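Here are some short exercises to work through with the model open in your viewer. Try each task before you read its solution.

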Amino acid sequence: MSRSMQLKEEGNRHFQSGDFVSAEALYSKAIIADPKNPALYTNRAMARLKMSLWDSVITDCNQCLELAPDNMKAHYYLAQAYLALHDYDDALDHARRAHELCARTNDKSLAAVTAQVLRCKKERWEDMERRRRREGSELEIEVLALLERERDGVLRDMTDDGEKKEVEAEWEQKLESMRRVFEKARAAEERRRKVPDWAVDDISFQVMVDPVITKSGNSYERASIMEHLRRHPTDPLTREPLTAADLRPNLALKEACAEFLEENGWAADW
Amino acid sequence: MVANFASKRLGKELQKIQSSLPPGITLVSAENFEEWLLDIQVLDQNPLYQDQTYRLRFRFGSSYPIEPPEVTFVKKGDRSIPMHPHIYSNGIICLDLLGQQGWSPVQNVESVCMSIQSMLTGNNKNERPPGDEEFVRSNKQRPRDIDFYYHDNAV
């Protein structure tokens, strides 16, 4: 066995036992011994993920991708690192790329990678939602302040106390209706939280990311049905023989699910 | 397979079960994603099961729902094991959909309860499976590993 392989094996042993710091150091030595092996970079990235060294994870993965552009693990780790850094668009891009590669090679990690895609979608949506909410409440404060200024202007020119009270009450009502308008808008957001059945995979009960259709016309999440077919090559509903080669992507449903998640990121669980 | 595949799916099932269940099925406890207890009743006038409530225990492995749950009746307090030619007196149920071959990942806790409910509803024989005593005495296998011969799927 080459020197770099020995170091890698040793690193793997430390990684297995949970000693990520030593594992990382050994992978580094292995890289010095053989800087052209892409797997060494993803191994070190994996250790660095555990140590929350996000920027170093990104560097390692990019070096791996220069040597091996279709390395699934590099994309998968990049998705995790970017997500930790709140770079949601890059996280989702790499998660999608990892998913594509997994689906193409029937990789065992398909379920984990599918979950990562959903997680990226959910966190990206939550971030947008937070921003939208903040902007919404800023607008409310601004509009109410505007109304109050307007009221104070009117009151300034008045002398009669009785009249003043009347005008004050009138403005208080306006402010109250405005508050109600904002309140209503918020409540409507909360109410619309229902996941339509067509978007849900009958095996994992999650919103689908990559639906595939069977010969009997039912659609499932690719990762779920592949997991089932590994053990039983049958259609889950009809029990007729079914193999991976019989599955076709359901592109229209995929698009509909993506669109639904775009608007309802809360539905993307992990 | 991701380790939490089962718990995610069970979490979703639990949400649904807690908000609604078909008549005659009630959730007793679901404190974790390993074991749930549900009570079932037969709702028609079948004299064998009238006014009785039976308790089902579900045990889930980490590969649920790719692998079937282990479902048995349990005896506790006034919960007895229902008489049925496919239910052994130790609570083991001989039902094809609970076996490795008959199971499908689109089944769920609710659909299993309903299947068992209708298995009782349709029965009029006040008897145990043939060889019940011997089976109860000697069986050491887990229910799902037993290779039942599903000779009569009509019952």
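The exercises below concern a predicted model, and each task is followed by its worked solution.

**Exercise 1. The interface**

Task: Describe the contact between chain B and chain A by its residues and its buried area.

Solution: Start with the residues: chain A brings 20 to the contact and chain B brings 19. Next, take the area. The two chains bury about 1,700 Å² between them, and 60% of this lies on carbon and sulfur atoms. This is a common way to express the result, since the size of an interface is often given as the accessible area lost when the parts come together.

**Exercise 2. Polar and charged links between the chains**

Task: Find how many salt bridges join chain B and chain A, and name the residues that form the link.

Solution: The count between the two chains is one salt bridge. Its partners are Glu67(B) and Arg231(A), with their closest N and O atoms 2.6 Å apart. That distance meets the cut-off of within 4 Å for a salt bridge. Now widen the search to polar contacts: seven residue pairs are found across the interface, with both residues of a pair at pLDDT 80 or more. To finish, sort the side of chain B that touches chain A by class, which gives eight nonpolar, six polar and five charged residues.

**Exercise 3. The largest pocket**

Task: Give the volume of the largest pocket and work out which element provides the largest share of its lining.

Solution: The volume of the largest pocket is about 810 Å³. Its lining comprises 24 residues, and those closest to the centre are Val200(A), Phe205(A), Lys12(B), Gln15(B) and Lys16(B). Going through the lining by element, you will find that helix α1 (residues 5-19) of chain B supplies the largest share, eight residues. By class, the lining divides into ten charged, nine nonpolar and five polar residues.

**Exercise 4. The largest cavity**

Task: Search the whole structure for cavities of 30 Å³ or more, then describe what surrounds the largest cavity.

Solution: The search returns three cavities. The largest cavity holds about 130 Å³ of space. It is lined by 13 residues, of which Ala111(A), Thr114(A), Ser204(A), Gln206(A) and Phe5(B) are closest to the centre. Two or more lining residues come from each of α7 (110-156) and α9 (222-231) of chain A and α1 of chain B. Among these elements, α7(A) gives the most, with four residues. Sorted by class, the lining has seven nonpolar, four polar and two charged residues.

**Exercise 5. A salt bridge within chain A**

Task: Locate the partners of the salt bridge between Asp60(A) and Arg48(A) in their helices.

Solution: Over all chains, the count comes to 29 salt bridges. In this one, the closest N and O atoms of Asp60(A) and Arg48(A) are 3.1 Å apart. Asp60(A) belongs to helix α4 (residues 54-67) and Arg48(A) to helix α3 (residues 38-50), so the pair links distant parts of the chain, twelve residues apart.

**Exercise 6. Backbone details**

Task: Place the cis peptide bond and the positive phi of Ser52(A) in their loops.

Solution: The cis bond runs from Tyr64(B) to Pro65(B), with omega near 5°. Pro65(B) sits in the loop between β3 (54-59) and β4 (70-74) of chain B. Turning to chain A, Ser52(A) is not a glycine, yet its phi is positive, about 60°. Ser52(A) is in the loop between α3 and α4.

Note on methods: Residues numbered from 1 in each chain as written. Chains lettered and ligands numbered in written order. Predicted model: local features only at pLDDT ≥ 70, side-chain atom pairs only at ≥ 80, totals over all residues. Heavy atoms only, no water. Contact = heavy atoms within 4.5 Å. Buried area = accessible area lost by both parts, 1.4 Å probe. Salt bridge = Lys/Arg side-chain N within 4 Å of Asp/Glu carboxyl O. Polar contact = N/O pair within 3.5 Å; in protein donor to acceptor, adjacent residues only side chain to side chain. Nonpolar A, V, L, I, M, F, W, Y, C, P; charged D, E, K, R; others polar. 1 Å grid on protein atoms, 1.4 Å probe; cavity = no way out; pocket = protein on both sides within 12 Å on 5 of 7 lines; lining within 4 Å. Points joined across faces, edges and corners; volume = space filled by probe spheres on them.
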